[in-house]
Amino acid sequence: MLRAQRLDKIPPYLFAEIGRKIAKARAEGKDVISLGIGDPDQPTPDHIIDELVRAIRDGADPNRHRYGGDLPVKEFPEAVAQWYQSRFGVDLDPGTEVLTLIGSKDGIAHVPWAFIDPGDVALVPQPGYPVYNVGTLFAGGESYFMPLLEQNEFKPDFDAIPSDVADKAKLMWLCYPNNPTTAVADLEFFRKAVEFAQKHDLLICHDSPYSENTFDGYRSPSLLQVEGAKEVAIELNSLSKPYNMTGWRIAYAVGKAEALAALGLVKENCDSGVLRAIQYAAIKALTGSQECVEAMNRVYQRRRDLVVDTLNRNGWRLQKPKATFYVWAPIPEGYADSAAFASDMLDRANVVVTPGRGYGEAGEGYFRISLTYPEDRLQEAVQRIAAALGNYTR
Ligand SMILES: Cc1ncc(COP(=O)(O)O)c(C=O)c1O
(Lines give C-alpha, C1' and ligand atoms only; values in the text may rest on other atoms or scores of the structure.)
Protein backbone atom coordinates (compact mmCIF):
# COMPACT_ATOMS: atom_id res chain seq x y z
CA MET A 1 0.00 0.00 0.00
CA LEU A 2 1.36 3.42 -0.93
CA ARG A 3 0.36 6.39 1.18
CA ALA A 4 -0.36 9.69 -0.52
CA GLN A 5 2.72 11.87 -0.77
CA ARG A 6 0.94 14.70 0.99
CA LEU A 7 1.25 12.76 4.24
CA ASP A 8 5.03 12.89 3.97
CA LYS A 9 4.88 16.67 4.33
CA ILE A 10 3.04 16.53 7.64
CA PRO A 11 5.18 16.98 10.74
CA PRO A 12 4.37 14.35 13.40
CA TYR A 13 1.30 15.47 15.37
CA LEU A 14 2.80 16.96 18.50
CA PHE A 15 0.38 15.60 21.05
CA ALA A 16 0.48 12.09 19.62
CA GLU A 17 4.26 12.07 20.16
CA ILE A 18 3.86 13.31 23.72
CA GLY A 19 1.14 10.72 24.34
CA ARG A 20 3.44 7.90 23.28
CA LYS A 21 6.17 9.11 25.65
CA ILE A 22 3.77 9.33 28.57
CA ALA A 23 2.39 5.85 27.89
CA LYS A 24 5.90 4.43 27.90
CA ALA A 25 6.86 6.10 31.19
CA ARG A 26 3.60 5.04 32.83
CA ALA A 27 4.07 1.47 31.62
CA GLU A 28 7.37 1.60 33.51
CA GLY A 29 5.36 2.38 36.67
CA LYS A 30 6.26 6.08 36.93
CA ASP A 31 3.83 8.63 38.42
CA VAL A 32 3.89 10.94 35.44
CA ILE A 33 2.20 14.33 35.72
CA SER A 34 1.33 15.50 32.25
CA LEU A 35 0.87 19.23 31.81
CA GLY A 36 0.98 18.84 28.06
CA ILE A 37 -2.49 19.04 26.65
CA GLY A 38 -4.93 21.94 26.97
CA ASP A 39 -8.14 20.05 27.56
CA PRO A 40 -10.32 21.34 30.44
CA ASP A 41 -10.41 18.90 33.38
CA GLN A 42 -13.61 20.28 34.95
CA PRO A 43 -16.96 18.89 33.80
CA THR A 44 -19.36 20.62 31.43
CA PRO A 45 -21.80 22.72 33.53
CA ASP A 46 -24.99 20.88 34.52
CA HIS A 47 -27.45 23.21 32.78
CA ILE A 48 -25.74 22.46 29.44
CA ILE A 49 -25.78 18.69 30.02
CA ASP A 50 -29.44 18.89 31.09
CA GLU A 51 -30.31 20.61 27.82
CA LEU A 52 -28.49 17.94 25.80
CA VAL A 53 -30.47 15.23 27.60
CA ARG A 54 -33.75 17.11 27.15
CA ALA A 55 -33.12 17.61 23.44
CA ILE A 56 -32.01 14.06 22.70
CA ARG A 57 -35.08 12.70 24.54
CA ASP A 58 -37.50 15.18 22.97
CA GLY A 59 -39.99 12.98 21.18
CA ALA A 60 -41.62 16.12 19.78
CA ASP A 61 -38.53 16.73 17.62
CA PRO A 62 -38.81 14.19 14.80
CA ASN A 63 -35.34 15.17 13.56
CA ARG A 64 -33.37 14.71 16.77
CA HIS A 65 -31.51 11.67 15.44
CA ARG A 66 -30.94 13.04 11.96
CA TYR A 67 -28.08 14.84 10.19
CA GLY A 68 -27.62 18.08 12.08
CA GLY A 69 -26.12 19.73 9.00
CA ASP A 70 -29.10 19.12 6.73
CA LEU A 71 -31.56 19.89 9.52
CA PRO A 72 -29.76 22.56 11.54
CA VAL A 73 -31.24 24.16 14.63
CA LYS A 74 -31.72 27.67 13.26
CA GLU A 75 -31.68 29.12 16.76
CA PHE A 76 -27.98 28.21 17.08
CA PRO A 77 -26.64 30.80 14.61
CA GLU A 78 -29.19 33.22 16.08
CA ALA A 79 -27.75 32.58 19.55
CA VAL A 80 -24.23 33.17 18.22
CA ALA A 81 -25.31 36.45 16.61
CA GLN A 82 -27.02 37.53 19.81
CA TRP A 83 -23.92 36.62 21.85
CA TYR A 84 -21.65 38.59 19.47
CA GLN A 85 -23.92 41.59 19.76
CA SER A 86 -24.02 41.57 23.55
CA ARG A 87 -20.38 40.60 24.06
CA PHE A 88 -18.68 42.72 21.36
CA GLY A 89 -21.37 45.01 19.93
CA VAL A 90 -20.85 43.31 16.54
CA ASP A 91 -23.94 42.78 14.32
CA LEU A 92 -24.10 39.49 12.42
CA ASP A 93 -26.70 38.12 10.06
CA PRO A 94 -27.34 34.61 11.42
CA GLY A 95 -28.30 33.40 7.94
CA THR A 96 -25.11 34.37 6.12
CA GLU A 97 -22.52 35.54 8.64
CA VAL A 98 -22.48 32.55 11.01
CA LEU A 99 -21.36 29.03 10.09
CA THR A 100 -21.57 26.08 12.50
CA LEU A 101 -18.38 24.03 12.87
CA ILE A 102 -17.57 20.65 14.38
CA GLY A 103 -15.08 22.32 16.69
CA SER A 104 -12.85 25.12 15.46
CA LYS A 105 -10.28 22.52 14.39
CA ASP A 106 -12.78 21.48 11.71
CA GLY A 107 -12.88 25.05 10.42
CA ILE A 108 -9.11 25.50 10.60
CA ALA A 109 -8.44 22.26 8.72
CA HIS A 110 -11.01 23.04 6.02
CA VAL A 111 -10.53 26.78 5.42
CA PRO A 112 -7.53 26.11 3.13
CA TRP A 113 -9.64 23.82 0.94
CA ALA A 114 -11.84 26.81 0.24
CA PHE A 115 -9.07 29.33 -0.47
CA ILE A 116 -5.75 27.64 -1.17
CA ASP A 117 -4.90 26.13 -4.54
CA PRO A 118 -1.67 24.19 -5.03
CA GLY A 119 1.26 26.59 -4.73
CA ASP A 120 -0.76 29.31 -2.96
CA VAL A 121 0.58 30.91 0.19
CA ALA A 122 -0.95 31.22 3.66
CA LEU A 123 0.61 33.47 6.30
CA VAL A 124 0.90 31.40 9.45
CA PRO A 125 1.97 32.62 12.90
CA GLN A 126 4.77 30.70 14.52
CA PRO A 127 4.77 29.40 17.21
CA GLY A 128 1.18 28.44 16.52
CA TYR A 129 -1.54 25.81 16.62
CA PRO A 130 -0.13 23.18 14.23
CA VAL A 131 -3.30 22.82 12.12
CA TYR A 132 -2.89 26.25 10.44
CA ASN A 133 0.16 24.87 8.66
CA VAL A 134 -1.01 21.29 8.24
CA GLY A 135 -4.36 22.37 6.73
CA THR A 136 -2.44 24.54 4.25
CA LEU A 137 -0.15 21.63 3.33
CA PHE A 138 -3.09 19.25 2.85
CA ALA A 139 -4.55 21.68 0.32
CA GLY A 140 -1.21 21.76 -1.55
CA GLY A 141 -0.33 25.25 -0.36
CA GLU A 142 2.71 26.69 1.33
CA SER A 143 2.95 28.37 4.70
CA TYR A 144 4.94 31.55 5.09
CA PHE A 145 5.71 31.64 8.79
CA MET A 146 5.34 34.92 10.63
CA PRO A 147 7.55 34.67 13.73
CA LEU A 148 5.90 35.77 16.98
CA LEU A 149 8.80 37.23 18.91
CA GLU A 150 8.84 38.20 22.55
CA GLN A 151 10.27 41.64 21.71
CA ASN A 152 7.17 42.24 19.53
CA GLU A 153 4.87 41.04 22.32
CA PHE A 154 4.32 37.87 20.30
CA LYS A 155 2.61 39.73 17.43
CA PRO A 156 3.59 39.31 13.79
CA ASP A 157 5.55 42.19 12.30
CA PHE A 158 3.51 42.91 9.16
CA ASP A 159 6.24 45.24 7.82
CA ALA A 160 8.74 42.37 7.86
CA ILE A 161 6.67 40.30 5.41
CA PRO A 162 8.15 40.80 1.91
CA SER A 163 5.56 42.57 -0.26
CA ASP A 164 5.69 39.90 -3.00
CA VAL A 165 4.84 37.25 -0.35
CA ALA A 166 2.06 39.41 1.08
CA ASP A 167 0.63 40.03 -2.40
CA LYS A 168 0.70 36.34 -3.22
CA ALA A 169 -0.82 35.26 0.09
CA LYS A 170 -4.49 34.32 0.05
CA LEU A 171 -4.95 33.87 3.79
CA MET A 172 -3.51 35.06 7.06
CA TRP A 173 -4.04 33.17 10.31
CA LEU A 174 -4.05 35.04 13.60
CA CYS A 175 -4.81 33.78 17.09
CA TYR A 176 -5.49 36.02 20.11
CA PRO A 177 -5.55 35.36 23.01
CA ASN A 178 -2.66 33.32 21.69
CA ASN A 179 -1.89 29.66 22.08
CA PRO A 180 0.90 28.94 22.95
CA THR A 181 2.43 32.31 23.91
CA THR A 182 -0.62 33.55 25.94
CA ALA A 183 -0.22 37.02 24.37
CA VAL A 184 -3.31 39.16 23.95
CA ALA A 185 -4.09 41.68 21.21
CA ASP A 186 -5.83 45.03 21.34
CA LEU A 187 -8.04 46.72 18.76
CA GLU A 188 -5.10 48.78 17.51
CA PHE A 189 -3.30 45.61 16.47
CA PHE A 190 -6.46 44.23 14.84
CA ARG A 191 -6.85 47.53 12.97
CA LYS A 192 -3.34 47.13 11.53
CA ALA A 193 -4.15 43.55 10.53
CA VAL A 194 -7.30 44.67 8.72
CA GLU A 195 -5.38 47.41 6.88
CA PHE A 196 -2.76 44.85 5.86
CA ALA A 197 -5.47 42.49 4.57
CA GLN A 198 -7.13 45.30 2.62
CA LYS A 199 -3.82 46.37 1.10
CA HIS A 200 -2.84 42.85 0.03
CA ASP A 201 -6.31 41.51 -0.73
CA LEU A 202 -6.19 38.53 1.60
CA LEU A 203 -8.59 36.91 4.03
CA ILE A 204 -7.81 37.09 7.75
CA CYS A 205 -8.84 34.00 9.68
CA HIS A 206 -8.79 34.92 13.33
CA ASP A 207 -8.87 31.85 15.54
CA SER A 208 -10.03 32.99 18.96
CA PRO A 209 -11.11 30.01 21.07
CA TYR A 210 -9.66 31.52 24.28
CA SER A 211 -11.54 34.82 24.04
CA GLU A 212 -13.47 34.00 27.23
CA ASN A 213 -10.63 32.43 29.22
CA THR A 214 -9.40 35.70 30.69
CA PHE A 215 -8.17 36.90 34.09
CA ASP A 216 -7.78 39.92 36.33
CA GLY A 217 -10.81 41.61 34.74
CA TYR A 218 -9.28 41.58 31.24
CA ARG A 219 -11.79 41.31 28.34
CA SER A 220 -10.54 40.18 24.96
CA PRO A 221 -11.82 42.13 21.93
CA SER A 222 -13.12 40.65 18.66
CA LEU A 223 -11.29 41.44 15.43
CA LEU A 224 -14.72 42.06 13.92
CA GLN A 225 -15.07 45.17 16.09
CA VAL A 226 -12.71 46.91 13.65
CA GLU A 227 -14.52 48.91 10.97
CA GLY A 228 -14.41 47.12 7.64
CA ALA A 229 -13.26 43.83 9.22
CA LYS A 230 -16.28 41.92 7.97
CA GLU A 231 -15.15 42.57 4.38
CA VAL A 232 -11.76 40.92 4.91
CA ALA A 233 -12.05 38.57 7.88
CA ILE A 234 -13.66 35.62 9.51
CA GLU A 235 -13.33 34.80 13.18
CA LEU A 236 -13.53 31.32 14.64
CA ASN A 237 -14.73 30.73 18.16
CA SER A 238 -15.62 27.60 20.03
CA LEU A 239 -17.73 26.28 22.86
CA SER A 240 -14.83 23.98 23.82
CA LYS A 241 -12.75 26.11 26.14
CA PRO A 242 -15.14 28.45 27.97
CA TYR A 243 -17.78 25.79 28.72
CA ASN A 244 -15.55 22.69 29.14
CA MET A 245 -17.06 21.15 26.01
CA THR A 246 -14.02 19.97 24.05
CA GLY A 247 -15.46 16.52 23.38
CA TRP A 248 -18.83 17.84 22.24
CA ARG A 249 -17.40 19.29 19.03
CA ILE A 250 -19.26 22.50 18.40
CA ALA A 251 -17.87 25.86 17.33
CA TYR A 252 -18.56 28.49 14.71
CA ALA A 253 -17.05 30.89 12.23
CA VAL A 254 -18.45 34.39 11.79
CA GLY A 255 -17.73 37.33 9.51
CA LYS A 256 -17.35 37.73 5.75
CA ALA A 257 -20.38 36.03 4.17
CA GLU A 258 -18.71 34.96 0.88
CA ALA A 259 -15.85 33.35 2.79
CA LEU A 260 -18.26 31.44 5.02
CA ALA A 261 -20.25 30.31 1.98
CA ALA A 262 -17.04 28.91 0.44
CA LEU A 263 -16.09 27.14 3.67
CA GLY A 264 -19.68 25.88 3.96
CA LEU A 265 -19.45 24.37 0.49
CA VAL A 266 -16.32 22.44 1.47
CA LYS A 267 -17.93 21.24 4.68
CA GLU A 268 -21.17 20.19 2.99
CA ASN A 269 -19.05 17.76 1.03
CA CYS A 270 -17.04 16.51 4.01
CA ASP A 271 -19.37 16.20 6.98
CA SER A 272 -23.01 16.20 7.94
CA GLY A 273 -23.02 18.70 10.76
CA VAL A 274 -23.42 18.61 14.51
CA LEU A 275 -26.04 16.51 16.32
CA ARG A 276 -29.10 18.68 16.91
CA ALA A 277 -29.14 18.00 20.66
CA ILE A 278 -25.59 19.38 20.86
CA GLN A 279 -26.71 22.49 18.98
CA TYR A 280 -29.52 22.97 21.54
CA ALA A 281 -27.07 22.50 24.41
CA ALA A 282 -24.72 25.05 22.83
CA ILE A 283 -27.59 27.55 22.62
CA LYS A 284 -28.12 27.03 26.33
CA ALA A 285 -24.42 27.65 26.96
CA LEU A 286 -24.40 30.91 24.98
CA THR A 287 -27.72 32.29 26.21
CA GLY A 288 -27.66 31.02 29.81
CA SER A 289 -25.85 32.50 32.79
CA GLN A 290 -22.14 33.06 32.16
CA GLU A 291 -21.32 32.54 35.83
CA CYS A 292 -19.94 29.09 34.96
CA VAL A 293 -17.32 30.74 32.71
CA GLU A 294 -16.37 33.21 35.42
CA ALA A 295 -16.13 30.40 37.98
CA MET A 296 -13.83 28.42 35.67
CA ASN A 297 -11.68 31.48 35.08
CA ARG A 298 -11.29 31.92 38.84
CA VAL A 299 -10.01 28.32 39.01
CA TYR A 300 -7.53 28.88 36.14
CA GLN A 301 -6.42 32.18 37.65
CA ARG A 302 -5.57 30.46 40.96
CA ARG A 303 -3.68 27.76 39.08
CA ARG A 304 -1.87 30.37 36.99
CA ASP A 305 -0.79 32.21 40.14
CA LEU A 306 0.43 29.01 41.71
CA VAL A 307 2.50 27.99 38.69
CA VAL A 308 3.90 31.44 37.83
CA ASP A 309 4.69 32.30 41.47
CA THR A 310 6.47 28.97 41.99
CA LEU A 311 8.47 29.30 38.77
CA ASN A 312 9.36 32.90 39.64
CA ARG A 313 10.50 31.87 43.11
CA ASN A 314 12.82 29.47 41.30
CA GLY A 315 14.51 31.98 39.07
CA TRP A 316 12.10 32.66 36.20
CA ARG A 317 10.86 36.20 35.57
CA LEU A 318 7.43 35.59 34.08
CA GLN A 319 4.56 38.01 33.70
CA LYS A 320 1.19 36.57 34.62
CA PRO A 321 -0.79 35.83 31.46
CA LYS A 322 -4.05 37.75 31.06
CA ALA A 323 -5.72 34.97 29.09
CA THR A 324 -5.72 31.34 27.90
CA PHE A 325 -5.02 28.48 30.30
CA TYR A 326 -1.31 28.17 29.57
CA VAL A 327 2.00 29.38 30.89
CA TRP A 328 4.70 29.98 28.27
CA ALA A 329 8.18 30.14 29.71
CA PRO A 330 11.78 30.20 28.47
CA ILE A 331 13.74 27.00 28.97
CA PRO A 332 16.56 27.23 31.50
CA GLU A 333 20.07 27.99 30.31
CA GLY A 334 22.23 24.97 29.71
CA TYR A 335 19.76 22.97 27.64
CA ALA A 336 20.49 22.49 23.96
CA ASP A 337 16.84 23.03 23.02
CA SER A 338 13.25 22.77 24.20
CA ALA A 339 12.99 19.08 23.29
CA ALA A 340 16.05 18.32 25.45
CA PHE A 341 14.46 20.22 28.35
CA ALA A 342 11.08 18.48 27.96
CA SER A 343 12.74 15.10 27.71
CA ASP A 344 14.91 15.76 30.78
CA MET A 345 11.85 16.84 32.78
CA LEU A 346 10.06 13.66 31.80
CA ASP A 347 13.06 11.53 32.73
CA ARG A 348 14.07 13.22 35.97
CA ALA A 349 10.90 14.91 37.27
CA ASN A 350 8.27 12.68 35.68
CA VAL A 351 6.59 15.83 34.42
CA VAL A 352 5.43 16.39 30.87
CA VAL A 353 5.73 19.91 29.50
CA THR A 354 5.31 20.76 25.85
CA PRO A 355 8.52 21.78 24.05
CA GLY A 356 8.04 25.09 22.26
CA ARG A 357 9.60 23.62 19.11
CA GLY A 358 6.44 21.55 18.71
CA TYR A 359 4.69 24.78 17.68
CA GLY A 360 7.28 25.47 15.01
CA GLU A 361 10.87 26.67 14.88
CA ALA A 362 10.03 30.09 16.31
CA GLY A 363 8.77 28.35 19.47
CA GLU A 364 12.28 27.08 20.16
CA GLY A 365 13.69 28.17 23.52
CA TYR A 366 10.34 27.96 25.33
CA PHE A 367 8.08 25.39 26.93
CA ARG A 368 4.36 25.40 27.63
CA ILE A 369 2.52 24.28 30.73
CA SER A 370 -1.22 23.73 30.55
CA LEU A 371 -3.32 24.73 33.57
CA THR A 372 -6.05 22.17 32.92
CA TYR A 373 -4.92 20.01 35.81
CA PRO A 374 -5.87 20.00 39.52
CA GLU A 375 -4.04 22.40 41.79
CA ASP A 376 -2.31 19.73 43.87
CA ARG A 377 -0.89 18.06 40.76
CA LEU A 378 0.22 21.41 39.31
CA GLN A 379 1.86 22.28 42.61
CA GLU A 380 3.68 18.98 42.77
CA ALA A 381 4.72 19.21 39.11
CA VAL A 382 6.30 22.66 39.35
CA GLN A 383 8.00 21.71 42.61
CA ARG A 384 9.42 18.61 40.93
CA ILE A 385 10.66 20.74 38.03
CA ALA A 386 12.34 23.17 40.43
CA ALA A 387 13.92 20.33 42.42
CA ALA A 388 15.18 18.58 39.28
CA LEU A 389 16.74 21.78 37.98
CA GLY A 390 18.79 22.34 41.11
CA ASN A 391 21.30 25.04 40.32
CA TYR A 392 20.49 25.75 36.68
CA THR A 393 20.46 29.46 35.93
CA ARG A 394 17.23 30.80 34.47
C1 LIG B 1 -5.48 27.91 19.11
C2 LIG B 1 -6.45 26.77 19.02
N3 LIG B 1 -7.32 26.76 18.01
C4 LIG B 1 -8.22 25.77 17.88
C5 LIG B 1 -8.28 24.73 18.78
C6 LIG B 1 -9.31 23.65 18.57
O7 LIG B 1 -10.40 23.82 19.39
P8 LIG B 1 -11.80 23.10 19.11
O9 LIG B 1 -12.04 22.20 20.29
O10 LIG B 1 -12.82 24.18 18.98
O11 LIG B 1 -11.66 22.32 17.86
C12 LIG B 1 -7.39 24.70 19.86
C13 LIG B 1 -7.40 23.57 20.79
O14 LIG B 1 -6.53 23.36 21.60
C15 LIG B 1 -6.46 25.76 19.98
O16 LIG B 1 -5.58 25.80 20.99
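**Figure 1. Lys105 in helix α4 of the predicted model.** Lys105 is partly exposed, with a relative accessible area of 34%. This residue belongs to helix α4, and the structure shown is a predicted model. Along the chain, Lys105 and Ala251 are 146 residues apart, yet a separation of 8.8 Å is found between their C-alpha atoms.

**Figure 2. Surroundings of Asp106 in helix α4.** With a relative accessibility of 9%, Asp106 counts as buried, because a residue under 20% is placed in that class. The side chain of Asp106 takes part in two kinds of pairing shown here. In one, a polar atom of this side chain lies 2.8 Å from the backbone nitrogen of Ile102. In the other, the side chain of Asp106 makes a polar contact of 2.6 Å with the side chain of Lys267. When residues up to four places away in sequence are not counted, Asp106 touches Leu101, Lys267 and Asp271.

**Figure 3. Helix α5 and the elements that cover its buried residues.** Helix α5 spans residues 131-138, and 7 of its 8 residues are buried, so the helix is largely enclosed by the rest of the structure. The buried residues of α5 are Val131, Tyr132, Asn133, Val134, Gly135, Thr136 and Leu137. Their cover includes helix α4 (104-115) together with the strands β3 (121-126), β4 (142-147), β5 (169-174) and β6 (203-207). Just after α5, Gly140 adopts a positive phi of about 90 degrees.

**Figure 4. Two cis peptide bonds that lead into proline residues.** Gln126 and Pro127 are joined by a cis peptide bond with omega of about 5 degrees. Pro127 is located in the loop between β3 and α5. A cis peptide bond also runs from Asn179 to Pro180, where omega is near 10 degrees. The loop that holds Pro180 lies between β5 and α7 (187-200).

**Figure 5. Positive phi angles at Thr182 and Asn350.** Thr182, a residue other than glycine, has a positive phi near 70 degrees. Thr182 is placed in the loop between β5 and α7, and its relative accessible area of 11% makes it buried. Asn350 is likewise not a glycine, and its phi is positive, near 55 degrees. Asn350 occupies the loop between α11 (338-349) and β10 (351-352). At 18% relative accessibility, Asn350 counts as buried.

**Figure 6. The interface of domain 1 and domain 2.** Domain 1 consists of residues 5-44 + 291-389, whereas domain 2 consists of residues 47-287. A distance of 25 Å separates the C-alpha centres of the two domains. Their contact takes 35 residues from domain 1 and 37 residues from domain 2. Together the domains bury about 3300 Å², of which 63% is on carbon and sulfur atoms. Of the area that domain 1 buries against domain 2, Thr44, Lys322 and Thr324 supply 21%, more than any other three residues.

**Figure 7. Polar pairs across the domain interface, and the side that domain 1 contributes.** Across the interface there is 1 salt bridge. Asp216 and Arg304 meet through their side chains in a salt bridge of 2.8 Å, N to O. The interface of domain 1 and domain 2 also has 17 residue pairs in polar contact. On the side of domain 1 that touches domain 2, the elements giving two or more residues are α10 (291-313), β9 (326-330) and β12 (366-370). Helix α10 provides the largest share of this side, 7 residues. By class, this side of domain 1 has 19 nonpolar, 9 polar and 7 charged residues.

Note on methods
Residues are numbered from 1 along each chain as its sequence is written. This is a predicted model: local features need pLDDT of at least 70, side-chain atom pairs count only at pLDDT 80 or more; totals for chains, interfaces and linings use all residues. Side-chain values use heavy atoms; hydrogens and water are left out. Domain bounds come from an automatic or database domain assignment. Contact means heavy atoms within 4.5 Å. Buried area is the accessible area (1.4 Å probe) that two parts lose on being put together, summed over both. A salt bridge is a side-chain nitrogen of Lys or Arg within 4 Å of a carboxyl oxygen of Asp or Glu. A polar contact is a pair of N or O atoms within 3.5 Å; within protein, one must be able to donate a hydrogen and the other to accept it, and residues adjacent in sequence count only if both atoms are side-chain atoms. Helices (H or I, at least four residues) and strands (E, at least two) are DSSP runs, numbered from the N terminus. Ala, Val, Leu, Ile, Met, Phe, Trp, Tyr, Cys and Pro count as nonpolar, Asp, Glu, Lys and Arg as charged, and the others, Gly among them, as polar. Buried means under 20% relative accessible area, exposed over 50%, partly exposed in between (1.4 Å probe, protein chains only).
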